[in-house]
Amino acid sequence: MSQNVIVGGDFKKLLNALSHVDPDALAKHTALTSGDPFRPELLDGAQGKLYNLGIFSTVQVEPVQNEKDPTQVDVKIVVTEGKFRELNLGIGFGIEPLRTEVHGEATFTKRNFYGGLRKFEVSLKPGYAAVPAFWSGPDLYRHGPLANLK
């Protein structure tokens with residue numbers, strides 16, 4: 001869903017259309033305050049902060065001339081909600097002079113966890129290692145499972 005927001009205008013009312021996002025929390029993250037002097041680098045910073053939340057697939061921040069007061073500039077923010085849940089899976093193989101391992105990784109991320117722009121992430125990294133490496137000979141060969149849960 002795409003939504004236009006005018007900061008300094010009716011920011012919170014327009015953001016309420018984004019049903020999964022707390023408008024007060026987003027207003028704090030932009031670091032734009034009505035009445036502040038206009039500087040283009042503030043717009044870049046606000047765009048980066050909103051995009052780095054990970055809940056929007058696109059964020060556009062651009063100035064719009066205020067028709068009622070030509071000495072003021074409103075800020076138009078166009079956002080498109082992204083995916084709030086993400087599952088990443090991977091496998092790997094490591095070879096070192098004294099160690100060989102095979103491992104996997106599964107990471108689940110839930111953004112805007114129970115509102116308030118919280119992020120929940122759990123990661124599991126199971127594996128199996130041989131120390132020293134399996135080619136070192138049977139006398140020195142040790143092996144066993146590995147696990148890491150964050």
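This section describes the confidence of the model, two residues of strand β5, a residue of helix α2 and a nonpolar surface patch.

The structure is a predicted model. Its pLDDT averages 76 over the protein, and 79% of the residues reach a score of at least 70. Confidence is under 50 throughout residues 1-6, although the model places 30 contacts beyond four places in sequence for this stretch. A further segment, residues 13-17, also has pLDDT below 50, and 10 contacts beyond near neighbours in sequence are found for it in the model.

Strand β5 spans residues 99-111 and includes T109. With a relative accessibility of 3%, T109 falls under the 20% limit and is therefore classed as buried. A polar contact of 3.0 Å links the side chain of T109 to that of E121. Beyond residues up to four places away in sequence, T109 touches two runs of the chain: F84, R85 and E86 on the one hand, and K119, F120 and E121 on the other. Of the strands concerned, β4 covers residues 85-96 and β6 covers residues 119-124.

R111 is likewise placed in strand β5. Its relative accessibility is 14%, so R111 is also counted as buried. The side chain of R111 brings a polar atom to 3.3 Å from the backbone oxygen of G54. G54 is also among the residues that R111 touches beyond four places in sequence, together with L53, I55, K83, F84, E86 and R118. F84 and E86 thus appear in the contact lists of both T109 and R111.

In the helical part of the model, T30 belongs to helix α2, which comprises residues 23-30. T30 has a relative accessibility of 3% and therefore counts as buried. The C-alpha atoms of T30 and L50 lie 6.6 Å apart, while the two residues are separated by 20 residues in sequence.

On the surface, L87, L89, F108, F120, V122, L124 and L149 form a nonpolar patch of about 660 Å². Strands β4 and β6 each contribute at least two residues to this patch, and the largest share, 3 residues, is supplied by β6. F120, one of the patch residues, is also touched by the buried T109. Another patch member, L149, is located in the segment that follows β8 (142-146). At 61% relative accessibility, L149 exceeds the 50% limit and is therefore classed as exposed.

Definitions and conventions:
Residues numbered from 1 in each chain as written. Predicted model: local features only at pLDDT ≥ 70, side-chain atom pairs only at ≥ 80, totals over all residues. Heavy atoms only, no water. Helix = DSSP H or I, 4+ residues; strand = E, 2+ residues; numbered from the N terminus. Buried < 20%, exposed > 50% of the residue type's maximum accessible area, 1.4 Å probe, protein only. Patch = residues over 30% accessible without salt bridge, like charges linked within 9 Å, V, L, I, M, F, W, Y side chains within 5 Å. Areas by Shrake-Rupley, 256 points an atom, 1.4 Å probe, with all protein chains shown as cover. Salt bridge = Lys/Arg side-chain N within 4 Å of Asp/Glu carboxyl O. Polar contact = N/O pair within 3.5 Å; in protein donor to acceptor, adjacent residues only side chain to side chain. Contact = heavy atoms within 4.5 Å. pLDDT = per-residue confidence, 0-100.
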